[in-house]
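The following exercises are to be worked with the sequence and the coordinates at hand. Each task is followed by a solution in steps.

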Amino acid sequence: KEGAKLITGGIEREPAVSDSGVDGFVEKFVHAQVEFSINHTPDISLRELQDFKDGTLTFETDTGSVGTLKDAWNAKPPELTKGDVALVFQAVECLEG
């Protein structure tokens, strides 16, 4: 559905600030993550979605590029609201293509 979000993961840089101003930056690793919603239909098992781990997810963008999330797992229990299931999956890495 519209509104899906992909975080490719990698290095995030934040400013290192002291009394004299910005001294540089600090790096930290950010995991890959995808957030999206699907329509809930009778053949979709919320339990199976919740139990998903050690799998591969493919995310195709509106522009046609593809991200492949390797060794992915369900990060949060599925959230069902008015026929929509909100899902969050995280992964060890996201590969382009």
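**Exercise 1.** Determine in which strand Val 88 is found, and whether Val 88 counts as buried or exposed.

*Solution.* Val 88 belongs to strand β8; helices (H or I, at least four residues) and strands (E, at least two) are DSSP runs, numbered from the N terminus. The relative accessibility of Val 88 is 13%, so the residue counts as buried. Here buried means under 20% relative accessible area, exposed over 50%, and partly exposed in between, with a 1.4 Å probe and protein chains only. Not counting residues up to four places away in sequence, Val 88 touches Gln 33, Val 34 and Glu 35, as well as Trp 73, Asn 74, Ala 75 and Lys 76; contact requires heavy atoms within 4.5 Å. The C-alpha atom of Val 88 is separated by 14 Å from that of Asp 54, 34 residues away along the chain.

The model is a predicted one, in which local features need pLDDT of at least 70 and side-chain atom pairs count only at pLDDT 80 or more, whereas totals for chains, interfaces and linings use all residues. Residues are numbered from 1 along each chain as its sequence is written, and side-chain values use heavy atoms, with hydrogens and water left out.

**Exercise 2.** Locate Thr 68 and list its contacts beyond four places in sequence.

*Solution.* Thr 68 lies in strand β6, which covers residues 66–74. With a relative accessible area of 14%, Thr 68 is buried. Its contacts, leaving aside neighbours within four places in sequence, include Thr 56, Leu 57 and Thr 58. Glu 93, Cys 94, Leu 95 and Gly 97 are also in contact with Thr 68.

**Exercise 3.** Identify the aromatic pairs, classify their geometry and state which parts of the chain they tie together.

*Solution.* There are two aromatic pairs in the structure. Rings of Phe, Tyr and Trp (its six-membered ring) pair if their centres lie within 6.5 Å; planes under 30 degrees apart count as stacked, over 60 as edge-to-face and the rest as tilted.

1. Phe 36 and Phe 89 are stacked, at 5.8 Å centre to centre and 15 degrees between the planes. Because Phe 36 lies in strand β4 (residues 32–39) and Phe 89 in strand β8 (residues 84–91), this pair ties together parts 53 residues apart in sequence. Phe 36 is partly exposed at 23% relative accessibility, while Phe 89 is buried at 3%.
2. Phe 52 and Phe 89 have ring centres 5.3 Å apart and planes at 90 degrees, so this pair is edge-to-face. Phe 52 lies in the loop between α1 (46–51) and β5 (53–60), and Phe 89 in strand β8, so the pair ties together parts 37 residues apart in sequence. Phe 52 counts as partly exposed, at 27% relative accessibility.
3. Ring pairs thus join Phe 36, Phe 52 and Phe 89 into a cluster.

**Exercise 4.** Describe the protein chain as a whole, beginning with its secondary structure.

*Solution.* The chain has one helix and nine strands, in the order β-β-β-β-α-β-β-β-β-β along the sequence. Its radius of gyration is 17 Å, whereas a compact globule of 97 residues would have one near 13 Å; the radius is taken over C-alpha atoms, and the globule rule is 2.2 Å times the number of residues to the power 0.38. The C-alpha trace spans about 60 × 30 × 25 Å along its principal axes. Of the 97 residues, 22% count as buried. Among contacts with a separation of 6 or more, 49% are between residues 24 or more positions apart.
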